[in-house]
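Biologist: Could you take me through one part of this model, the first helix, and show me how it sits among everything else? I'd enjoy a close look, with the surroundings included.

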Amino acid sequence: MKIHNLEVSNFHGFEHKIFRLSSGFNVLVGDNGTGKTGVLEALAVAGGALLIGFQHGYARYMELDDAYRRGAEVDGILHSQRSYPVVVTSDGTLFRRKKRWSRSLDGASFTPTTSEDEDIQRLSKRIWDSRLKPSTRDL
């Protein structure tokens, strides 16, 4: 799996942001609290779509704490509330096929798949199942 673009909405410290990833090497540099870990967490959520089909794999799902927090002052008191929906959308290449998939969280309701994500899950299940078959390749 190669992810070319990563789009996040209401995820960690990002209200909305699109990251275009290099086909080679990518480096995240920034001060503390600028979102480097948020980008890595979003990549883990996006990549987790492939792992859902693996029997013993760990797929990173979104959690309530992943939601972007918006602050508002009411009667001189600062309140923060989570913003929904939280969406991580990816464009990438999987087995030489271009794919676009999203994973989202809408309040307490987690929506793990979209139609493209389901295709990725079928492919990952096929990879998992194929590891159980004897290989006919010469090593």
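Modeller: Happy to! Let me start with a yardstick: the expected span of a helix is 1.5 Å times one less than its number of residues. Helix H1 has 16 residues, so its span should be 22 Å, and its end C-alpha atoms are 23 Å apart, which agrees. Please keep in mind that this is a predicted model.

Now for the setting. The chain has 2 helices and 7 strands, and from the N terminus the order of elements is β-β-α-β-β-β-β-β-α. Of its 139 residues, 32% are buried. Among contacts with a separation of 6 or more, 52% join residues 24 or more positions apart. The chain exposes about 9,200 Å², and carbon and sulfur atoms supply 51% of that area.

Back to H1, which covers residues 36-51. Which of its residues are buried? They are Gly38, Val39, Ala42, Val45, Ala46, Gly48, Ala49 and Leu50. A general point helps in reading that list: an α-helix has 3.6 residues a turn, so residues three or four places apart point the same way.

The next thing to look at is the largest nonpolar core, which has 21 residues. H1 gives the largest share of this core, 6 residues. Strands E1 (2-11), E2 (14-20), E5 (86-94) and E6 (97-106) and helix H2 (115-130) are also among the elements that give two or more residues to it. Leu6, Val8, Phe11, Met62 and Val88 have the most contacts inside the core. In soluble globular proteins, nonpolar side chains tend to be buried together.

Val88 is a good place to see H1 meet its surroundings. Leaving aside neighbours within four places in sequence, Val88 is in contact with Ala42, Val45 and Ala46, among others, and these three are on the list of buried residues of H1. The contacts of Val88 also include Leu6, Glu7, Val8 and Phe11, as well as Met62, Trp101, Ser102 and Arg103.

Helix H2 holds another useful marker, Ser124. Ser124 counts as buried because its relative accessibility is 0%. In sequence Ser124 and Ala49 are 75 residues apart, yet their C-alpha atoms are 8.6 Å apart in space; Ala49 is one of the buried residues of H1.

H1 also takes part in the largest pocket, which holds about 270 Å³ of space. Of the 15 residues that line this pocket, Phe19, Leu21, Val27, Leu28 and Val39 are the closest to its centre. E2 and H1 each supply at least two lining residues, and the largest share, 4 residues, comes from H1.

Just past the helix, what about the loop between H1 and strand E3 (69-74)? Asp66 is found there. With a relative accessible area of 3%, Asp66 falls under the 20% cut-off and is therefore buried. Setting aside neighbours within four places in sequence, Asp66 is in contact with Asn10, Phe11, His12, Arg60, Tyr61 and Val86. Phe11 is also one of the core residues named above.

For contrast, look at Leu78 in strand E4 (residues 77-82). Leu78 has a relative accessible area of 68%, over the 50% cut-off, so Leu78 is exposed. Not counting residues up to four places away in sequence, Leu78 touches Gly71, Ala72 and Glu73.

Methods: Residues numbered from 1 in each chain as written. Predicted model: local features only at pLDDT ≥ 70, side-chain atom pairs only at ≥ 80, totals over all residues. Heavy atoms only, no water. Core = buried A, V, L, I, M, F, W, Y, C linked by side-chain atoms within 4.5 Å. Buried < 20%, exposed > 50% of the residue type's maximum accessible area, 1.4 Å probe, protein only. Contact = heavy atoms within 4.5 Å. Areas by Shrake-Rupley, 256 points an atom, 1.4 Å probe, with all protein chains shown as cover. 1 Å grid on protein atoms, 1.4 Å probe; cavity = no way out; pocket = protein on both sides within 12 Å on 5 of 7 lines; lining within 4 Å. Points joined across faces, edges and corners; volume = space filled by probe spheres on them.
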